[in-house]
Amino acid sequence: MAQQIQYRTLGGPEVLEFVTVPTPVAPHGGVVVETRAIGVNPIDVKLRSGLRPSPPITAPRVPGSDAAGVIVSVAETGAGADAGADAGAWTVGDEVIVRDAAGAYRTHVPASAAQLVAKPAAVGWNEAAGIGIPVGTAYQALRSLGVDAGQTLLVHGGSGAVGQAAIQFARDRGAAAVATASARNLDRLRELGAIAVEYGEGLLERVQDAAPDGIDRVLDAAGTDEALDVSFALVPDRSHIGTIVVGAKADALGIRAWMGGSPHPLTDEEQAWRREAYGVAADLIAAGRFEVEIAAVYPLAEAAAAQRALASGSLRGKLILDPRA
Ligand SMILES: NC(=O)c1ccc[n+]([C@@H]2O[C@H](COP(=O)([O-])OP(=O)(O)OC[C@H]3O[C@@H](n4cnc5c(N)ncnc54)[C@H](OP(=O)(O)O)[C@@H]3O)[C@@H](O)[C@H]2O)c1
């Protein structure tokens, strides 16, 4: 048998149920991954609460997109219609990262071969599960913005999971990063190599002091009016400003947006960058050149507490669920 977190109605964290279900079978051409760590993301909370619209719930919905674990079964493949739909080179025992899972808060995640990325031995389970959405988003956003050596990137929300990844990818590309956070998190930004600036009143002047030669590109991972207004004052070309939070109003503002409520789906190239990020980040982590900060690890059964902690904003870094705790 397997365990999972599910919900049957939108609402607060109390709608999350911990249930026992039959162990899933590998989907056609895919595998089942026994999870070792599961990433909790803001979108999980937004979807569960209804803050982000989603199709009507017609069957219990398992939250989550990001997990890491061990392949425990591989679908049988046959001849004829099944040819070419096998699970590729994946075999039982392989340690993998699962991306875009159709529900990751569970002990056993069914996945297609295309959703798997090899986990290097040097990358821990929690870090592997923490790459996921935030690292993919940061990598794609920087590629989309064309962040390059010699430029200065402003990151709003630099202490968050996306922001921390963006700072490190900018550094890796030879760009400087000015990043915003609350006072308690400024040291973390400096540890990552960013010029740290506290958000709040006077933000524009503080960023101007931090970057006297100007800002070339902006990644908004905060979504506040302050972040947007400061960005407009600093960067006249709005195509050099991108948001991942307030996508719904990006067209009206003339800025770029990737999901976060944007009516425009990611392009094929943007989706490819999000996929590429996993391998790039895993290799950088293994080489000691990239960190996924872990805020806390909760037992899978306590997913509601993990989501409450995420929504409170009181912790910094990734929240992880441990299915074996
Ligand atoms: N569009 C996409 O594809 C996509 C993908 C991933 C995430 N997102 C969205 O991007 C946002 C960030 O995600 P995350 O995973 O990085 O979240 P997170 O780890 O919870 O980080 C939240 C960040 O927001 C900052 N923040 C809070 N209040 C702020 C304010 N008033 N002004 C400026 N910054 C403020 C926090 O800074 P302090 O803690 O220092 O206050 C922290 O850096 C979320 O809204 C998430 O849903 C979108």
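Which residue follows α9, and what is the sign of its phi? In this predicted model, helix α9 is followed by Gly313, whose phi is positive, near 70 degrees.

**View 1. Helix α9 and the elements against which its buried residues pack.** Within α9, which spans residues 303-312, the buried residues are Ala303, Ala304, Ala306, Gln307 and Ala309. These buried residues pack against the strands β1 (2-6), β3 (30-40), β14 (294-299) and β15 (318-322), and also against helix α1 (42-49).

**View 2. The largest nonpolar core, a set of 46 residues.** Ile131, Phe169 and Leu219 are the residues with the most contacts inside this core. At least two core residues come from each of several elements, including α3 (161-172), β8 (152-156), β9 (176-181) and α8 (268-286), while α2 gives the most, with 9 residues. Domain 1 (2-119 + 293-322) and domain 2 (133-269) each contribute at least three residues to this core.

**View 3. The surroundings of Ile131.** Leaving aside neighbours within four places in sequence, Ile131 is in contact with Ile97, Gly136, Tyr278, Ala281, Ala282, Ile285 and Val292. Apart from the largest core lies another one, of 30 residues, among them Val62, Ala67, Ala104 and Leu321.

**View 4. The ligand and the 23 residues around it.** Lys46, Ser159, Ser182, Tyr199 and Trp258 come nearest to the ligand, and α1, α2 and α3 each supply at least two residues of the surrounding shell. One ligand oxygen atom lies 2.7 Å from a side-chain N or O atom of Lys46, and an oxygen atom of the ligand is 3.5 Å from a side-chain N or O atom of Arg184. A ligand nitrogen atom is 3.1 Å from a polar backbone atom of Gly260. Of the 920 Å² of accessible area that the ligand has on its own, the protein covers 78%.

Terms used:
Residues are numbered from 1 along each chain as its sequence is written. This is a predicted model: local features need pLDDT of at least 70, side-chain atom pairs count only at pLDDT 80 or more; totals for chains, interfaces and linings use all residues. Side-chain values use heavy atoms; hydrogens and water are left out. A nonpolar core is a set of buried Ala, Val, Leu, Ile, Met, Phe, Trp, Tyr and Cys residues joined through side-chain atoms within 4.5 Å. Buried means under 20% relative accessible area, exposed over 50%, partly exposed in between (1.4 Å probe, protein chains only). Helices (H or I, at least four residues) and strands (E, at least two) are DSSP runs, numbered from the N terminus. Domain bounds come from an automatic or database domain assignment. Contact means heavy atoms within 4.5 Å. A residue is near a molecule or strand if one of its heavy atoms lies within 4 Å of it. A polar contact is a pair of N or O atoms within 3.5 Å; within protein, one must be able to donate a hydrogen and the other to accept it, and residues adjacent in sequence count only if both atoms are side-chain atoms. Accessible areas come from the Shrake-Rupley method with a 1.4 Å probe; for residues, only the protein chains shown count as cover.
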